[in-house]
Amino acid sequence: QVQLVESGGGLVQAGGSLRLSCAASGSIFSINRMGWYRQAPGKQRELVAAITSSNTNYADSVKGRFTISRANAKNTVYLQMNSLKPEDTAVYYCNADLITTIYGKSSDAYWGQGTQVTVSS
């Protein structure tokens, strides 16, 4: 019954900014890692950024432009996207690696529904 809901996508011009958010809810004991992936038409889904309690990592293509952050009290992850480029156009998906119960094992098979980001030139 874990649910991840993304929001914040939209249409922007090149050079503009968007802030995506992802709220995780339901039966969650602990979230180990949250991340953002994106998938452009006809392409494989790729990692954009991920965050744990101690580290962040980014795809080379977005380093210096995107920033991932977490609000742990709300089980929410954000992706601040600046200096957007047309090649950033994709559906962005939130992903979580979490434990649902104190005795459960971690699973990363939790995904949001996706939010469309379109960057025009």
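A disulfide joins C22 to C94, with an S to S distance of 2.0 Å, in what is a predicted model. A search of the whole structure finds one disulfide, and the link of C22 and C94 is left-handed, with -85 degrees about the S-S bond. Because C22 lies in strand β3 and C94 in strand β9 (residues 90-99), the pair ties together parts that are 72 residues apart in sequence. Both ends of the link are covered: C22 counts as buried at 0% relative accessibility, and C94 likewise counts as buried at 0% relative accessibility.

Strand β3, which carries C22, is also engaged with strand β8, the two running antiparallel and being joined by six bridges. Within this pairing, R19 has Q80 of β8 as its bridge partner. Strand β8 (residues 76-81) pairs in addition with strand β7 (residues 66-71), again in the antiparallel sense and over six bridges, and here A71 stands opposite T76 of β8. The hairpin of β7 and β8 has four residues between the strands, and in this hairpin N75 takes a positive phi near 50 degrees. Strand β8 is mostly covered, five of its six residues being buried.

Turning to charged side chains, the structure holds four salt bridges. R38 forms one of these with E46, the closest N and O atoms being 2.8 Å apart, and the side chains of D88 and R38 meet in another, at 2.9 Å from N to O. The pair of D88 and R38 links distant parts of the chain, since D88 is placed in the loop between β8 and β9 whereas R38 belongs to strand β4, 50 residues apart. As to cover, R38 counts as buried because its relative accessibility, 6%, falls under the 20% limit, and D88 is buried as well. E46, by contrast, is partly exposed, with a relative accessible area of 37%. A further salt bridge is formed by D60 with K63, the closest N and O atoms being 3.1 Å apart; D60 is exposed, with a relative accessible area of 64%. Salt bridges that share partners join R38, E46, R65 and D88 into one network.

On the surface, F29, I102 and Y103 make a nonpolar patch of about 430 Å². Of these residues, F29 is placed in the loop between β3 (18-25) and β4 (30-39), and F29 counts as partly exposed at 48% relative accessibility. The loop of F29 thus follows β3, the strand of C22, and precedes β4, the strand of R38.

A final position considered is D108, which is located in strand β10 (residues 107-111) and counts as partly exposed at 47% relative accessibility. When neighbours within four places in sequence are left aside, D108 is in contact with N95, A96 and D97, residues that fall within the range of strand β9 (residues 90-99), the strand in which C94 lies. With respect to L47, D108 is 61 residues apart in sequence and 13 Å apart in space, as taken from C-alpha to C-alpha.

Technical notes
Residues are numbered from 1 along each chain as its sequence is written. This is a predicted model: local features need pLDDT of at least 70, side-chain atom pairs count only at pLDDT 80 or more; totals for chains, interfaces and linings use all residues. Side-chain values use heavy atoms; hydrogens and water are left out. Patches are made of residues with over 30% relative accessible area and no salt bridge: like charges are joined within 9 Å, nonpolar side chains (Val, Leu, Ile, Met, Phe, Trp, Tyr) within 5 Å. Accessible areas come from the Shrake-Rupley method with a 1.4 Å probe; for residues, only the protein chains shown count as cover. Buried means under 20% relative accessible area, exposed over 50%, partly exposed in between (1.4 Å probe, protein chains only). A disulfide is a pair of cysteine sulfur atoms within 2.5 Å. Contact means heavy atoms within 4.5 Å. Two strands pair if DSSP finds at least two bridges between them.
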